[in-house]
Structure formats: structure tokens, C-alpha cells
Number of protein chains: 10
Amino acid sequence: MLFQVEMTVKLPPEMPAERAAEIKATEKAYSQELQRAGKWRHLWRVAGSYSNVSIFDVEDNAELQELVSNLPLFPYMEIRVKPLCRHPSSIRDDDS
Amino acid sequence: MLFQVEMTVKLPPEMPAERAAEIKATEKAYSQELQRAGKWRHLWRVAGSYSNVSIFDVEDNAELQELVSNLPLFPYMEIRVKPLCRHPSSIRDDDS
Amino acid sequence: MLFQVEMTVKLPPEMPAERAAEIKATEKAYSQELQRAGKWRHLWRVAGSYSNVSIFDVEDNAELQELVSNLPLFPYMEIRVKPLCRHPSSIRDDDS
Amino acid sequence: MLFQVEMTVKLPPEMPAERAAEIKATEKAYSQELQRAGKWRHLWRVAGSYSNVSIFDVEDNAELQELVSNLPLFPYMEIRVKPLCRHPSSIRDDDS
Amino acid sequence: MLFQVEMTVKLPPEMPAERAAEIKATEKAYSQELQRAGKWRHLWRVAGSYSNVSIFDVEDNAELQELVSNLPLFPYMEIRVKPLCRHPSSIRDDDS
Amino acid sequence: MLFQVEMTVKLPPEMPAERAAEIKATEKAYSQELQRAGKWRHLWRVAGSYSNVSIFDVEDNAELQELVSNLPLFPYMEIRVKPLCRHPSSIRDDDS
Amino acid sequence: MLFQVEMTVKLPPEMPAERAAEIKATEKAYSQELQRAGKWRHLWRVAGSYSNVSIFDVEDNAELQELVSNLPLFPYMEIRVKPLCRHPSSIRDDDS
Amino acid sequence: MLFQVEMTVKLPPEMPAERAAEIKATEKAYSQELQRAGKWRHLWRVAGSYSNVSIFDVEDNAELQELVSNLPLFPYMEIRVKPLCRHPSSIRDDDS
Amino acid sequence: MLFQVEMTVKLPPEMPAERAAEIKATEKAYSQELQRAGKWRHLWRVAGSYSNVSIFDVEDNAELQELVSNLPLFPYMEIRVKPLCRHPSSIRDDDS
Amino acid sequence: MLFQVEMTVKLPPEMPAERAAEIKATEKAYSQELQRAGKWRHLWRVAGSYSNVSIFDVEDNAELQELVSNLPLFPYMEIRVKPLCRHPSSIRDDDS
């Protein structure tokens with residue numbers, strides 16, 4: 001089941017650079033693990049911003065909550081979620 | 001080059017049902033033609049709405065304008081566009 | 001799987017009273033059928049408005065889309081959807 | 001008398017982890033006490049967020065204020081309240 | 001139990017003047033009946049607008065819905081509701 | 001001359017509890033003094049919030065500014081003001 | 001007593017040109033009468049818009065309501081009102 | 001050439017009182033100098049707020065930027081600018 | 001003197017196609033005349049929309065108002081204006 | 001390929017003046033380097049603000065992201081991006 005998740009990172013300016021780098025590294029590893037597991041199907045940068053557009057493929061709402069709330073950057077992000085489903089005009093078999 | 005395009009359809013309530021059906025049929029054909037051409041890469045319905053989330057793959061801004069402004073439903077839609085690019089944490093070769 | 005759905009009805013003022021009554025009657029029947037089927041779990045009126053707060057219990061996003069987009073009042077409503085899941089502090093077994 | 005209450009938690013990033021854990025534990029206990037007393041009828045997590053959707057069942061506005069303003073997380077939450085009442089299409093006896 | 005209700009009237013410009021006058025007259029009579037019954041405790045015009053600020057005194061949310069949704073101008077108003085209760089610093093006995 | 005004033009208190013989380021208690025006590029005394037003087041005619045808590053709805057009765061805009069800007073909590077509040085006047089449908093002699 | 005009033009005109013596109021010209025002529029006459037009477041102290045066009053910024057000088061809120069609600073364009077305008085008073089840094093004697 | 005400038009002051013709560021008083025004194029002197037020079041034509045307090053409505057009379061956009069960005073409170077204000085010009089219904093010779 | 005002007009066209013869906021074509025043709029001619037006169041310095045389409053971003057070069061606010069309010073599409077557009085001036089980091093001689 | 005980029009600088013008030021000056025100097029140098037390279041085609045100050053309106057000319061979305069995210073002030077700015085393309089009414093050869 002697919003969800004579009006849009007994330008905007010807002011790190012507090014006073015966070016030490018090392019701490020920020022550490023969180024970002026953990027975030028990257030976690031994100032790539034979920035991508036390899038097929039849970040985080042797409043991940044794009046929004047050009048000119050510190051935001052991304054993502055497509056998650058999960059079992060249900062509970063799994064979405066589990067994956068998203070465990071993001072290392074979760075406390076520092078504004079997140080918008082939209083549930084997706086097959087569009088009647090889509091010709092792609094795997095877009096649902 | 002990728003763009004996220006979010007479209008919300010707002011047909012005027014007074015539009016005759018036949019006219020609406022006609023526009024929607026043309027829209028579907030046009031949309032599937034662009035999908036087959038690889039220009040409209042993803043198309044999802046946002047559940048519980050008359051909206052979609054789409055990913056376009058175009059040569060440049062001008063082609064995006066040409067494709068979107070020729071949508072038969074263009075005069076009846078609210079449209080939001082975000083330019084996308086490769087995310088440094090992405091592991092998918094074709095997400096850029 | 002649960003979703004909160006908030007609906008606000010905006011009937012065009014020029015709609016004939018009979019037509020409005022007809023749509024509302026069909027909406028009521030459809031709504032009660034979904035309630036009896038266990039799909040529309042809760043339905044409350046927001047006091048002082050022509051809005052409701054609803055809880056849907058569906059198989060997946062696709063079923064949510066099917067049920068909501070078939071509402072007779074669908075073309076006349078503003079609809080906001082939020083995916084829900086079990087809260088770690090909840091003590092109710094059936095709130096998930 | 002029912003109210004929908006939507007709460008979004010915004011803990012200041014600089015709050016020590018122990019202090020945050022302490023407040024959350026007190027919040028959980030308080031919340032479960034109100035649930036057992038039948039005052040906090042439903043409590044759901046909004047998937048992909050640090051927000052919840054709740055249904056309170058109280059005597060009157062004054063009791064709502066008392067219960068909500070005593071939440072340990074109250075100073076750290078954005079809260080939206082909507083008064084609810086029976087919907088004419090509802091078939092559930094206890095949804096009012 | 002008190003509620004603040006803010007109403008803004010938006011009559012469609014194409015409504016015939018007679019029809020508008022008729023609705024406003026019915027609204028006035030209905031409003032004054034509720035004021036005499038003690039249900040509509042205060043009614044002020046917001047200067048420079050076609051809006052009012054009102055205080056309703058009702059048994060519960062259901063009565064608020066009944067009174068407000070029966071306003072003759074209800075289909076033509078934007079309405080915002082806030083549940084009120086006694087303020088701990090108030091010195092007026094009847095402001096609760 | 002009447003004004004509706006809506007105030008939402010936003011104390012900085014890092015303010016020491018004693019300092020907050022001190023300001024609130026001064027605020028309460030000041031508020032009750034204005035109520036006794038007939039300047040602060042109504043004061044209600046908005047249920048489920050740290051906000052109030054107030055009705056001020058002042059000589060003119062200048063007095064409103066003097067009274068409101070001297071509130072001890074003034075630097076910590078979001079404040080919205082609406083000028084009120086007699087509503088043509090009001091039956092209360094003192095609501096103007 | 002001064003008020004800033006911002007007005008944006010939104011004439012319905014289907015209004016016949018003659019009817020629009022008639023309303024505008026009446027509006028102009030009414031506006032100039034109030035200016036000559038010293039009630040409408042300033043009137044500026046916001047460049048690039050069909051909006052104005054105005055300063056009214058009235059006895060009280062009731063007079064503001066009377067003057068503004070009698071504007072011939074009143075049913076076709078969005079209006080925002082702010083009560084003004086003397087600024088402690090002002091050096092102009094008549095700006096209050 | 002006239003501009004409406006609306007300024008809302010948001011001093012950080014942690015700024016020492018002396019520092020705040022110092023900035024405000026400099027601001028007042030600077031403001032009165034510009035008023036005497038005829039550049040800052042009007043200055044009103046918005047009643048019930050820490051905001052003002054101002055009318056600037058400058059040579060061009062560049063002078064507006066120079067005057068406004070040199071305000072001692074500039075880093076602590078939200079500022080909205082609207083270019084003004086003569087209104088065709090104005091009867092005041094100097095309102096342009 | 002430069003202004004950024006953003007225009008979004010919203011033609012009423014019920015406008016006859018011929019009438020729309022006529023207005024657009026007049027708009028195009030008018031726009032190109034202003035471009036040739038050096039008044040409308042830049043004109044870009046926002047990709048994926050019926051909006052443009054424009055840079056006007058005018059004598060003063062009054063000329064901006066005259067040029068913009070005479071646009072044939074003026075009654076059908078949402079328009080946002082920002083006064084521009086030379087940026088201290090700009091290296092282009094003509095960007096002011 | 002052109003993009004409109006609007007940037008608003010929000011430096012934290014507690015940043016030491018030297019640190020701020022340092023970032024601004026680096027920003028200026030970086031900005032002028034991009035202007036000389038033809039990548040940052042226009043740069044205007046919005047009068048009365050700490051904002052700019054810019055036109056970037058880049059190869060694609062990825063280059064836009066690279067240039068913008070490397071701005072020294074990037075962590076302290078709110079940034080809005082709009083993809084631009086040739087307008088059918090433009091007469092300037094280089095506005096595309």
C-alpha cells in the first residue's frame with residue numbers, strides 16, 4: 001500500500017555541526033536500509049530546498065507510523081502524508 | 001528531468017454530465033499516451049479525493065508547460081509543481 | 001485499517017430543493033449501508049456546521065477511495081483524510 | 001457530550017531526554033486513567049506524525065477544559081477542538 | 001453552557017432583492033425569539049462588515065447544532081464555533 | 001464602545017515556573033481591577049486551550065490600546081481585535 | 001477616532017457593464033461626500049490592484065459600520081478594518 | 001511617491017530590558033527625524049497590538065528600502081509593503 | 001523603477017471560447033506594445049500553470065497602476081506586486 | 001533553463017554580529033561568482049524587506065539544487081522556487 005510522504009528538515013541553527021552530521025549519517029543508513037527492503041520505494045530531493053518527496057510501500061497505516069516515527073530526523077521534520085491508490089488511468093502495473 | 005505535479009479536479013457543478021464524461025475520456029487517452037511515451041512516469045490517485053500525484057519526466061521546463069497546459073482538464077484543475085532531482089541517499093538508479 | 005475523514009458539504013445555492021433532498025436521501029441510505037457493513041465505524045455531526053467527522057474501517061487505501069468517491073455528495077464536499085493507527089497509550093482493543 | 005480533540009506534540013529540541021521521558025510517562029498514565037473513567041473515549045495516532053485524534057466524553061465545556069488543560073504535555077501541544085453531536089444518519093446508539 | 005459563534009453572511013449577488021429581504025426578516029424574527037428565550041445571549045455586529053459575534057447559552061452541543069442549523073441564513077453563512085467556559089479570573093457570576 | 005479581544009497565551013517553555021506564576025498573578029489582579037471598573041465587560045476561557053474571549057468597553061481606540069498593552073502577559077500573547085457595535089436584531093439594551 | 005479600512009472590489013464577471021458603471025458612479029459620489037464631510041480622511045489606490053487603503057475618522061464603531069455598510073460597492077468588497085490610535089513616536093498633531 | 005508600510009514588532013522574550021529600551025529609543029529618534037524630513041508622512045498605532053500603520057513618501061523604491069532597512073527595529077519586525085497612488089475618487093490634493 | 005508582478009489568469013469556465021480568444025489576442029497585443037516601449041521588461045510563463053512572472057519598469061507607482069489596470073485580462077487575474085530595487089550584491093548595471 | 005527563486009533571510013537574533021558579517025561576505029562573493037558565470041542571471045532586492053527575487057539560468061533541476069543548497073545563507077533562508085519558460089507573448093529572445 002502506497003503513501004506519499006513529504007519531509008522538510010528544520011535543524012535548529014544552534015545544533016553543533018558534529019551532532020548534525022551524526023544524525024544525517026544515521027538517517028542515510030536507515031533510509032537506504034528501508035529502500036533495499038522495498039519499503040521506501042522512491043526518494044527525490046525537491047530542487048532548491050532541504051525537502052524530499054518520498055513514496056512508501058507498507059503493509060498498513062501502523063507500519064507507516066513505525067517507519068516514519070523512527071527516522072533519526074523525525075523530531076526535526078515537518079511531514080505531510082497522503083494515502084495513494086491505483087489511478088484508473090494508470091498503465092503501470094506496479095503503481096498501486 | 002523529473003517534476004512532481006499534484007492536480008485537483010474541480011469541475012463546475014453545472015457542467016452537463018455528457019460534457020464532463022467527454023472531457024474525462026479525452027483526458028484519459030491523453031494521459032495514457034504520455035505514460036506510454038515515458039513522459040508521465042507515475043500517476044497515483046490520492047485516496048478519498050478527486051486529486052492525483054504525478055511524476056513527469058521531461059526535457060525541460062518548456063516541455064512540462066506544453067504537456068500540462070494541454071491536459072483536457074487543465075482549465076478545471078488546481079495544479080502544484082515541484083522540480084525534483086536525485087536525492088543523495090537514493091539507491092535507485094532511475095530516480096533522477 | 002482506520003481513517004479519519006472530515007467532510008464539509010457545500011451545495012450550490014442555486015440547486016433546486018428537490019434535487020438537494022434527493023441527493024441527501026441517497027447519501028443517507030448509502031451511509032447507513034456502509035455503517036451496517038462495519039465500513040463506516042463512526043459518524044458525528046460537528047455542532048454549528050454542515051460538516052461531519054467520520055471514522056472509516058477499510059481494507060486499504062483503494063477501498064477508502066472506492067467508498068468515499070461513491071458518496072452521492074462527493075462532488076459537493078470538501079474532504080480531509082488522515083490515516084490512523086493504534087496509539088501506544090490506548091487501552092481500547094478495537095481502536096486500531 | 002462529545003468533542004473531537006486533535007493534539008500535535010511539539011517538544012522543544014533542547015529538552016533533556018530524561019525530562020521528556022518523564023513527561024510522556026505521566027501523560028500516558030493520566031491518559032489511561034481518563035480512558036478507564038470513560039472520559040477519553042477514543043485515542044488514535046495519526047500515522048506519520050506526532051499527533052493524535054481523540055474523542056472526549058464530558059459533562060460540559062468546563063470539564064473539557066479541566067481535563068485538557070491538565071494534560072502533562074499541554075504546554076507543548078497545538079490543540080484543536082470541535083464540539084460533536086449525533087448525526088441524523090448515524091445508526092450507532094452510543095455515538096452521541 | 002456557552003459558545004461563541006461568529007457568523008459572516010455571504011448572499012449570492014444574483015439573489016433577487018425580495019428573496020434576500022424575506023430571508024433577513026425571517027432571520028431577525030428567529031434571532032429575537034432565541035434571544036427572548038435566553039438561548040442567544042449576546043449579538044453584536046462587527047463594525048465594517050456583514051458579520052456578527054454571538055454568545056449562545058445552550059443545554060449541550062446538540063442544542064447548539066439545532067439552533068444554528070435552523071437559522072434561515074445558515075446556507076449562506078461561514079460560521080466558526082468556540083466552546084466557552086468560566087475563566088478563573090472572571091468576577092462575573094453569570095459568565096459561565 | 002465595545003471590542004471583542006481574543007488572546008492566546010504563549011509562554012516560552014524555558015521561563016522559570018516562579019516567574020510565570022508571578023506574571024499570571026499580576027495579570028489576574030490587573031484583569032479583575034479592569035472588570036470591577038467596567039472596562040473588561042466579559043472574560044471567558046475557550047475550552048481546551050490557553051486562550052480567552054473578552055469584551056472590552058472603552059472610551060475609544062486609544063483607551064483600548066492603553067488597557068491591552070499594559071496587560072502583564074501582553075509580550076507573550078497573540079491578540080486579535082474586532083470593533084463591535086449594536087446589531088440591528090439585538091434586543092438587549094446594553095449590548096452596544 | 002481613526003480606522004484603517006482596506007477594501008478590495010470583486011465585481012461578478014457576469015454583471016452588465018452599465019450596471020457596474022452605475023454602481024461605481026454612485027460609489028464615487030458617496031465617497032466624495034464623506035471625504036468632504038471629513039469622515040473619509042484618506043483614500044489611496046493600491047498600485048496594480050482593484051483595492052484601496054483608506055483612513056476613516058468617525059465618532060465611534062457604530063458610525064464606522066453605518067458609513068461602510070452603506071457603500072454602494074459594499075456587497076462586492078472584501079473589507080479589513082483596523083482600529084488606529086496615536087503612536088507615541090508620532091509628531092503630527094492630527095494623526096489621532 | 002507613497003507606500004503603506006505595516007510593521008509588527010516581535011522582540012525576543014530573552015532580550016534584556018535595557019537593550020530593548022535602548023533600541024526603542026533609537027527607533028523613536030530615527031522615526032521622528034524621518035517624520036520631520038517629510039519622508040514618514042503618517043504613523044499610527046494599531047490599537048491592541050505592538051504594530052503600526054505608516055505612510056512613507058519617498059523618491060523611489062530604493063529610498064524606501066534604505067529608510068526601512070535602517071530602522072533600528074528592522075531585524076525584529078514583520079513588515080508588509082504596499083505601493084500607493086492617487087485614487088480617482090480622492091479629493092485631497094496631497095494624497096498622491 | 002522596477003516591480004515584480006505575478007499574474008494568474010482565472011477565466012470563468014462559462015465564458016464563450018470566442019470571447020476568451022478575443023480578450024487573449026488584445027492582451028497579447030497590449031503586452032507586446034508595452035514590451036517594445038520598455039515598460040514590460042521581462043515576461044515569463046510559470047511552467048505547469050496559467051500564470052506569469054513579469055518585471056515592469058515604470059516611472060512611479062501611478063504608472064504601474066495605469067499599465068496593470070488596463071490589461072484586458074485585469075478583471076480575470078489574481079495579481080501580486082513587489083517593489084524591487086538594486087541588490088547590493090548585484091553586478092548587473094541595468095538591474096535597478 | 002530559468003527558475004525564479006525568492007529568498008527571505010531570517011538570521012537568528014542571537015547570532016554574533018561578526019559571524020553574521022562573515023556569512024554575508026561569503027554569500028556576496030559566492031553570489032557574484034555565480035552572476036559572472038551566467039548562472040544567477042538577475043538579483044533584485046524586494047524594497048522594505050530582507051528578501052530578494054532572483055532568476056537562475058541552469059542546466060537542469062540538479063544544478064539548481066547544487067547552486068542553491070551551497071548558498072552560505074541557505075540554512076537561514078525561506079526559499080520558494082518556480083520553474084519558468086518562454087511566454088508566448090514575450091518578444092525578448094533571451095527570456096527563455
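User: Before we start, what counts as contact here?

Analyst: Contact means heavy atoms within 4.5 Å. Keep in mind that this is a predicted model.

User: OK, so how far apart are the nearest C-alpha atoms of chain C and chain J?

Analyst: They are 26 Å apart, and chain C and chain J do not touch.

User: And what about chain B and chain D, how far apart are their nearest C-alpha atoms?

Analyst: For that pair the figure is 15 Å, and again the two chains do not touch.

User: Let's look at one chain. How many helices and strands does chain A have?

Analyst: Chain A has two helices and four strands. Going along the sequence, their pattern is β-α-β-β-α-β.

User: What does the C-alpha trace of chain A span?

Analyst: About 50 × 25 × 20 Å along its principal axes.

User: Which domain does UniProt give for chain A?

Analyst: The unreviewed UniProt entry carries the annotation "domain: Muconolactone isomerase" for residues 1–89 of chain A. In the model, that span is 33% helix and 36% strand, and its end C-alpha atoms lie 18 Å apart.

User: Now the partners. What rotation puts chain A on chain B?

Analyst: A rotation of 180°, with 0.0 Å of shift along the axis, superposes chain A on chain B at an RMSD of 0.0 Å. That is the relation of a two-fold axis. Both copies use the same surface, as 100% of the contact residues of chain A recur in chain B.

User: And what turn lays chain D on chain A?

Analyst: This time a turn of 72°, with a shift of 0.0 Å along the axis, and the RMSD is 0.0 Å. These two copies are thus related as by a five-fold rotation axis.

User: How many residues does each of them bring to the contact?

Analyst: Chain D gives seven residues and chain A gives nine residues. About 550 Å² is buried between them, and carbon and sulfur atoms give 64% of that area.

User: Which residues of chain D lose the most area to chain A?

Analyst: Those are D:P13, D:A47 and D:G48, which together make up 73% of what the chain D side buries.

User: Switching to pockets: what volume does the second largest one have?

Analyst: About 330 Å³. It is lined by 21 residues, and the closest to its centre are C:K24, C:R45, C:Y50, D:H87 and D:S89.

User: Which elements give two or more residues to that lining?

Analyst: In chain C they are β1 (2–9), α1 (17–36) and β2 (40–46), and in chain E it's α2 (61–69).

User: Which element gives the most to the lining of that second largest pocket?

Analyst: α1(C) does, with five residues.

User: And what's the make-up of the lining by class?

Analyst: The lining of the second largest pocket has 10 nonpolar, seven polar and four charged residues.

Conventions: Residues numbered from 1 in each chain as written. Chains lettered and ligands numbered in written order. Predicted model: local features only at pLDDT ≥ 70, side-chain atom pairs only at ≥ 80, totals over all residues. Heavy atoms only, no water. UniProt positions renumbered as here; feature names shortened; annotations may be inferred. 1 Å grid on protein atoms, 1.4 Å probe; cavity = no way out; pocket = protein on both sides within 12 Å on 5 of 7 lines; lining within 4 Å. Points joined across faces, edges and corners; volume = space filled by probe spheres on them. Nonpolar A, V, L, I, M, F, W, Y, C, P; charged D, E, K, R; others polar. Least-squares fit on C-alpha atoms with pLDDT ≥ 70 in both. Buried area = accessible area lost by both parts, 1.4 Å probe.
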